[in-house]
Amino acid sequence: MNWLDEVKKRSEQIVIETQEFLRIDSVLDESTVSESRPFGEGIATALEHLLTKGEKHNFFVKNIDGFAGVIEYGQGAESVGVLCHIDVVPAGDGWISPPFSAEVRNNQIYARGAIDNKGPTIAAFWALAIVKELQLPIHKRVRMIIGTDEESNWRCVDHYFKHEEMPTMGFAPDADFPIIHAEKGIMDVTFNWKERKDPTVSAIKVERFDAGERFNMVPGRAKVVIKGHRQQLDEIEVEYQSYLLEHQHNGQAEFKDHCLILSYDGISAHGSTPENGLNAGVYLAQFLLKFSFQQSANEFVQLINQYCDFTGEALQIAVSDDVSGALSMNAGLLQFKAGGEAKIGLNIRYPVTASGEACLSRLRQLAEEWNTDFEVQDHMEPNYVEKDHPLIQTLQGVYRRQTGEDPTLLAIGGGTYARSLTTGVAFGPMFPGREDVAHKKDEYIDIDDLLKMTALYAEAIYELAKG
C-alpha cells in the first residue's frame, strides 16, 4: 500500500483542520480554571474540539474530567497508545503574523503549537482515521491519549493513569524522526530567597529583575528596574547602549517614575537545548555585574553570572553517558524584588544512566551554602527502550520503507509523553535537517512534512495494531 497516496487524497481536509485547530489559543490560563476546565478555557476548548472531531469519525471518545481525552478505534485486550498534547507554551512577542492565525506562507503553517504539538496531533488523528476508512484488519485497540498539561506539570497524564489503562506499548509524535528511544531525566528545581534586609543603603538600587516564564523555555526577554539619582542612571544607560553594541544584541532603555528600566532581547529556545537560545536574563545580569547595588541584588546577580551555564559544570553536577550524552541546564526563571526576595529556577536534563538523586544531593548542598530554600518542582525519571524491542523494530521498518533512509536511534534531552508509558518511544514529527522551531517565535509546520508524518503514523498504527 502507498500510504502517502492515501494521505494526499485527504490533504486539503488535513490542512484545513490543522489550521482550525491551531487557531485555538490553548495556553494554560489560571484565570479561567474551573472544576471542569482544570487548565483554563482555551485548553478545554481545544480538547472539546478534538473530541467532537473524533465523534464525527465514529471513534470511541472520552473526556477524562478535562484533564485528558481518549479517541479510540478497534477491539482487543491489548492496546497501542499514541500520546499527544494540545497545550502550548505562551506565544511571546515578535511574530510576523499573529501566533494563533495559522497563516500559510511558503507552504508552511505559522502558529504557536504548529510543530509542538497540535499539528502532529492532527496528523496522528488522520492517520487513525485512514486506517479506519480503509477497513484494515487490526487486532488491538489504538488509543489516542490527548494530554492538556505537557508544557507545565504533566498533571494530565498523572490524572489519566490514575483512572485509565496503561497501553501495551506506544509512541508520542512529539520530538524527532527517526526514533527516539532514550530521553534524559528531567527536573525543575528552584532556589528561593525570602525577604532579606540589606545592611547598608546603596546609591542605586534594583527594584525588580524578571526573566523567563517557564522552566523549559530559554528566557527571550529580561527586564530590570533600577532606582537612583538621575545622573547615575544616565551613566548606566550610556554603558548599557555600549554593552548592547558590543554583543550585537537588541535591548531598550527608558526612564519612568524616577527609575531606569532596561530590557534585553534574547532568543527563546526549548529548555532541552539551551545552547540554541540566547538567555536574556543571563546577559542582562552580566551587564549588571559591573555596578554596585544593594547587597541582596549584588548576590543575586553574582549567582547568575557564576552558576547559570548550559552544562552544570559550575554547580558541579555535569555528567554524561554514551547513550544520551551530557547533562544540560537552562536557567528558565530569574526573579528578584527589592527587599531581597528572589528565585532562580533551573531546568536540568541528565543522562539516562546517571543518578538523579546524586544531582539533587549536590543542589541541596548548595542551597545550604547559599542560605536559601530549595524545592524540587518536578522530577521525571529517564526513559529508555532497548534497540531490539519489537516496538523499535516495527517503527524502524516503517521509517525505512517510507523514507528509504536509515532509521537511526536517537537520544534527547526533551521530555515527551513516551516516558509516561511502560514501553514507549518518541516517533517524529521533526524530520532530519529541519529547523527546530518549537517554543520559538514564528513556529511553523511544513505542509509537505505534515502529510509525510501522517503517512508514517498511519502505517505505524496499522503495523503495531495488526498483530
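Asp373 is partly exposed, at 33% relative accessibility. I open with this residue of a predicted model since its salt bridge introduces the first topic.

The side chain of Asp373 meets that of Lys194 in a salt bridge, with 3.6 Å from N to O. This pair joins distant parts of the chain, 179 residues apart: Lys194 belongs to the loop between β10 (185-193) and β11 (205-211), and Asp373 to strand β19 (residues 373-380). Lys194 is exposed, with a relative accessible area of 61%.

A second pair is Arg221 and Asp265, whose side chains form a salt bridge at 2.3 Å, N to O. Here too, distant parts of the chain are linked: Arg221 lies in strand β12 (residues 221-227) and Asp265 in strand β14 (residues 259-265), 44 residues apart. Arg221 counts as partly exposed at 41% relative accessibility, and Asp265 is likewise partly exposed, at 21%.

Is Asp149, which bridges to Arg155, buried or exposed? Asp149 is buried, with a relative accessible area of 1%, while Arg155 is partly exposed at 30%. The closest N and O atoms of this salt bridge are 2.8 Å apart. The whole structure holds 23 salt bridges. Some are joined together: a network of salt bridges links Lys62, Glu72, Arg141, Arg143, Glu164 and Glu165.

Let me turn to the strands. As a reminder, strands of a sheet pair through backbone hydrogen bonds, either parallel or antiparallel. Strand β14, already met through Asp265, pairs with strand β13 (residues 250-256) in the antiparallel sense over 7 bridges. Within this pairing, Lys256 stands opposite Cys259 in β14. The hairpin of β13 and β14 has 2 residues between the strands, and Asp257 takes a positive phi near 50 degrees there.

Next comes an open sheet of 3 strands, in the order β4-β5-β24, with antiparallel pairing. Which strands form its edges? They are β4 and β24 (444-446), each of which pairs on one side only. On average, neighbouring strands of this sheet are turned by 25 degrees against each other, direction ignored. The pairing of β4 with β5 runs over 3 bridges in the antiparallel sense, and Val104 stands opposite Ile109 in β5.

Both β4 (103-105) and β5 (108-110) also help to cover the buried residues of helix α2, as do α1 (3-8), α3 (41-56), α4 (118-133) and α11 (447-466), among others. The buried residues of α2 are Ile14, Val15, Glu17, Thr18, Gln19, Phe21 and Leu22. The length of this helix can be checked as well: at 1.5 Å a residue, the 12 residues of α2 (residues 11-22) should span 16 Å, and the end C-alpha atoms are indeed 16 Å apart.

I finish with the nonpolar interior. The largest nonpolar core has 71 residues, of which Ile71, Met144, Phe171, Leu395 and Phe427 touch the most other members. Helix α11 contributes the most to this core, with 13 residues. Apart from this core lies another, of 54 residues, including Leu284, Val301, Leu360 and Phe374.

What does Phe171 touch, leaving aside residues up to four places away in sequence? The list is Gly81, Val82, Leu83, Leu395, Leu421, Val425, Phe427, Tyr457, Ala460, Ile461 and Leu464. Leu395 and Phe427 thus appear in this list and also among the core residues that touch the most other members.

Note on methods:
Residues numbered from 1 in each chain as written. Predicted model: local features only at pLDDT ≥ 70, side-chain atom pairs only at ≥ 80, totals over all residues. Heavy atoms only, no water. Salt bridge = Lys/Arg side-chain N within 4 Å of Asp/Glu carboxyl O. Buried < 20%, exposed > 50% of the residue type's maximum accessible area, 1.4 Å probe, protein only. Helix = DSSP H or I, 4+ residues; strand = E, 2+ residues; numbered from the N terminus. Expected span 1.5 Å × (residues − 1). Contact = heavy atoms within 4.5 Å. Core = buried A, V, L, I, M, F, W, Y, C linked by side-chain atoms within 4.5 Å. Pairing = 2+ DSSP bridges. Axes fitted to C-alpha atoms, helices over the stretch in contact; angles between N-to-C directions.
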